[in-house]
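Q: Could you take a close look at one part of this model, the charged side chains and how they pair, and then place that part in its surroundings? A connected account would suit me better than a list.

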Amino acid sequence: MPEPRPIEIDESLWPLLTIRYRGVTTASQYAELLAARSRYLDRRERHLILHDMSQSSSMSSGEQRRLQAEWMKQEDARMRQWVVGIAFVTDSVPLRLLLSVIQHVRPLTMPNAIFPRVSEALPWIVAQLRQSGLDIGSPSLLAHFGLEHGRSLG
């Protein structure tokens, strides 16, 4: 069985774009992710991003933060136009704190929230998609993330 990639991009529930981080991500892998995110913006379609960092084993490096800052400057206008929300998922207290500090210093211009588990992020994701006139269907969302079908997402 192939080893999981450190960063996996899942567009199967578009307009929900799920980015999963596993283990340690190198600066070059992170640069590839940013290039991929630019290609999603090239689509000129509104979407929501779920950053699932629940299986990540490290915080970003200084080089990754620099790449992210440069990319955000370059893509700011397109992010505001096409990204309807960003959900961050991590149960790591240090990473949650870092995300909160970054949000305080340089707030995102679109709705965003930090959650300890994907299951807790899903109602927020569904609400943001609906508020934006987008929908992927709660049953398919629950099934995709392996959650029970009887649960309501709002």
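A: A salt bridge is taken here as a side-chain nitrogen of Lys or Arg within 4 Å of a carboxyl oxygen of Asp or Glu. With that cut-off in hand, and bearing in mind that this is a predicted model, one can begin with the network of salt bridges that links Glu8, Asp10, Arg20 and Arg22. Within this network, Arg22 and Glu8 form a salt bridge whose closest N and O atoms are 3.1 Å apart. Because Arg22 belongs to strand E2 and Glu8 to strand E1, this pair ties together parts of the chain that are 14 residues apart in sequence. Glu8 counts as partly exposed, since its relative accessibility is 29%, a value that falls between the 20% limit for buried residues and the 50% limit for exposed ones.

The network is part of a wider set, for the structure holds 10 salt bridges. In general terms, side chains of opposite charge can pair when their charged atoms come close. A further example is the salt bridge of Arg78 with Asp42, where the closest N and O atoms are 2.6 Å apart. Here the link runs between distant parts of the chain, with Arg78 in helix H2 (residues 62–82) and Asp42 in helix H1, 36 residues apart. Both partners are partly exposed: Arg78 has a relative accessibility of 24%, and Asp42 has a relative accessible area of 47%.

A salt bridge also joins Arg66 to Glu70, with 2.4 Å between the closest N and O atoms. This pair stays inside one element, as Arg66 and Glu70 both lie in helix H2, four residues apart, which is about one turn of the helix. Arg66 is counted as partly exposed at 37% relative accessibility, and Glu70 is likewise counted as partly exposed, at 44%.

Arg78 also leads to a neighbour in helix H1, namely Ser38. Leaving aside residues up to four places away in sequence, Ser38 touches Trp71, Glu75 and Arg78. Ser38 has a relative accessible area of 12% and is therefore buried, whereas Arg78, one of the residues it touches, is partly exposed.

Charge also meets an aromatic ring in this model, since Arg43 lies over the face of Trp14, at 4.4 Å from the ring centre. Trp14 takes part in one of the two aromatic pairs that the structure holds. A pair of aromatic rings is described by the distance of the centres and the angle of the planes. For Trp14 and Tyr40 the ring centres are 5.7 Å apart and the planes stand at 20°, so the pair is stacked, the limit for that class being an angle under 30 degrees. This pair, too, links distant parts of the chain: Trp14 is in the loop between strand E1 (7–13) and strand E2 (16–23), while Tyr40 is in helix H1 (residues 27–42), 26 residues apart. The two partners fall on opposite sides of the 20% limit for burial, because Trp14 has 22% relative accessibility and counts as partly exposed, while Tyr40, with a relative accessible area of 11%, is buried. The other aromatic pair, formed by Phe115 and Trp124, is tilted, with 6.0 Å from centre to centre and 55° between the planes. Phe115 is buried at a relative accessible area of 12%, and Trp124 is buried at 18%.

As a counterpart to the charged groups, there is a nonpolar surface patch of about 300 Å², made by Leu97, Val101 and Val105. Of these, Val101 has its place in helix H3 (residues 93–105), and with a relative accessible area of 42% it is partly exposed.

The overall fold gives these details their setting. The protein has five helices and five strands, which follow one another along the sequence in the pattern β-β-α-β-α-β-α-β-α-α. Of its 154 residues, 43% count as buried. The protein exposes about 8300 Å², and carbon and sulfur atoms supply 54% of that area. When contacts between residues at least 6 apart in sequence are considered, 71% join residues at least 24 apart; the bridge between Arg78 and Asp42, whose residues are 36 apart, and the aromatic pair of Trp14 and Tyr40, whose residues are 26 apart, are examples of links between distant parts of the chain.

Notes: Residues are numbered from 1 along each chain as its sequence is written. This is a predicted model: local features need pLDDT of at least 70, side-chain atom pairs count only at pLDDT 80 or more; totals for chains, interfaces and linings use all residues. Side-chain values use heavy atoms; hydrogens and water are left out. Helices (H or I, at least four residues) and strands (E, at least two) are DSSP runs, numbered from the N terminus. Buried means under 20% relative accessible area, exposed over 50%, partly exposed in between (1.4 Å probe, protein chains only). Contact means heavy atoms within 4.5 Å. Accessible areas come from the Shrake-Rupley method with a 1.4 Å probe; for residues, only the protein chains shown count as cover. Rings of Phe, Tyr and Trp (its six-membered ring) pair if their centres lie within 6.5 Å; planes under 30 degrees apart count as stacked, over 60 as edge-to-face and the rest as tilted. A charge sits over a ring if NZ of Lys or CZ of Arg is within 6 Å of the ring centre and within 35 degrees of the ring normal. Patches are made of residues with over 30% relative accessible area and no salt bridge: like charges are joined within 9 Å, nonpolar side chains (Val, Leu, Ile, Met, Phe, Trp, Tyr) within 5 Å.
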